[in-house]
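User: I should like to learn how to read a protein model. May we go through some of its features together?

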Amino acid sequence: MKVLLATQKPFAAKAVDGIVKILTEAGHEVIKLEKYEAQADFVAAVKDVEAIIIRSDKVTEEVMAAAPKLKIVVRAGAGYDNVDLEAATKRGVVVMNTPGQNSNAVAELALGLMIYMARTQFTPATGSELQGKRLGVQAYGNVGRLVGQKAKALGMKIHALDPFLTDEQIVAGGADPVHSVEELYAASDYLSIHIPALPSTIGSIGYDLITKMPKGATLVNTARKEVIDEDGLLKALEERPDLKYVADVMPDNYALLQEKFGARVFATPKKMGAQTSEANVNAGLAAARQIADFFATGNRKFQVNK
Ligand code: 3PG
């Protein structure tokens, strides 16, 4: 089978070598499309392929229509909001992710961003410490739980909201459970967002919620920019000069936020949460194994469009 590795943001060489090894040893051929400039390049590359490995690359209806032999798409990572699941299901294409494989990298970055903001973006201005501060974790899944546990080791007090977990599971994960998003925001000196981008979550974090945060709070977004209502964020930062926003997912209105609020906001230029050699290897190799296994045995364990 032909497997396309389509990564606009390429994996580390070690991960690419591992992917190629796993798939060629399983009898497949790997084609690489890295650092491509336009979506049209992606569309043009899928003509003969049966499988695609992606990161945040967009698998749209157009991509699938251009790939008549396509059987499986594996998102090497957690969030699959970049894949048109409906179009895939309609065409009988299996979509999988590789949950948990890059979580540690994202969790470490979330902590790094908190420290960066607490220490005034590494300027000589007097900063503050994370120890003793309250951290709210919105969604206590693979990444959220790691953020909570690492933050606890720094002396933070952790509480978490997750509608898919019982209180016992949240406690077992090292956090105190809270039961409403308002309660979570109101009690968080730092609030780390780990919800996926879904129709129900897009734009869900706006003025009302952000202004519930206590004095001097920092909102940390290593999830998706779409979950923030950017007008609401702007209004909240305007009214509350004590609040800060830091993100691994640059807001569309970032230039305006920077102009208005300077060092109270920071966003990485390109999503880098999962961009470590370790995470690339973990997620990339898992994706390759899942494809080899799917073609060999029909295993669909990580299918997300069932
Ligand atoms: C994910 O959903 O796994 C992360 O956002 C990482 O995305 P990336 O592979 O594009 O860096």
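User: Is Tyr-140 buried or exposed?

Analyst: Please bear in mind that this model is predicted. A residue counts as buried when its relative accessible area is under 20%. Tyr-140 has a relative accessible area of 1%, so it is buried.

User: Where is the place of Tyr-140?

Analyst: Tyr-140 belongs to the loop that joins strand S6 (134-138) to helix H6 (142-153).

User: Which residues does Tyr-140 touch, not counting those up to four places away in sequence?

Analyst: Contact here means heavy atoms within 4.5 Å. The residues touched by Tyr-140 include Arg-145, Ile-158, Leu-161, Leu-165, Ile-170 and Gly-173. With Gly-173 there is also a polar pair: a polar atom of the Tyr-140 side chain lies 2.8 Å from the backbone oxygen of Gly-173. Separately, the C-alpha atoms of Tyr-140 and Ile-193 are 9.5 Å apart, although their positions lie 53 residues apart along the chain.

User: What is the relative accessibility of Thr-201?

Analyst: The value for Thr-201 is 11%, and it therefore counts as buried. Thr-201 is found in the loop between strand S9 (190-193) and helix H9 (207-210). A polar atom of its side chain is 2.6 Å from the backbone oxygen of Pro-196. Leaving aside neighbours within four places in sequence, Thr-201 is in contact with Ile-195, Pro-196 and Val-227.

User: How does one read a whole helix, and how many residues of H5 are buried?

Analyst: One may examine its span and its burial in turn. Helix H5 (residues 103-118) has 16 residues and extends 23 Å from its first C-alpha to its last, close to the expected 22 Å. Of these 16 residues, 12 are buried, so H5 is largely enclosed by the rest of the structure. Among the buried ones are Val-106, Leu-109, Leu-113, Met-114 and Tyr-116. Just after H5, Thr-120 adopts a positive phi of about 50°.

User: Which residues surround the ligand?

Analyst: Among the residues around the ligand are Lys-9, Arg-55, Arg-75, Ala-78, Gly-79, Asn-102 and Lys-271. The shell comprises 2 nonpolar, 4 polar and 5 charged residues.

User: What is the distance from an oxygen atom of the ligand to an N or O atom in the side chain of Lys-9?

Analyst: That distance is 2.8 Å. Backbone atoms take part as well: an N or O atom of the Ala-78 backbone lies 2.6 Å from a ligand oxygen, and a polar backbone atom of Gly-79 is 2.8 Å from one. Taken alone, the ligand exposes 310 Å², of which the protein buries 95%.

Note on methods: Residues numbered from 1 in each chain as written. Predicted model: local features only at pLDDT ≥ 70, side-chain atom pairs only at ≥ 80, totals over all residues. Heavy atoms only, no water. Near = heavy atom within 4 Å. Polar contact = N/O pair within 3.5 Å; in protein donor to acceptor, adjacent residues only side chain to side chain. Areas by Shrake-Rupley, 256 points an atom, 1.4 Å probe, with all protein chains shown as cover. Nonpolar A, V, L, I, M, F, W, Y, C, P; charged D, E, K, R; others polar. Helix = DSSP H or I, 4+ residues; strand = E, 2+ residues; numbered from the N terminus. Expected span 1.5 Å × (residues − 1). Buried < 20%, exposed > 50% of the residue type's maximum accessible area, 1.4 Å probe, protein only.
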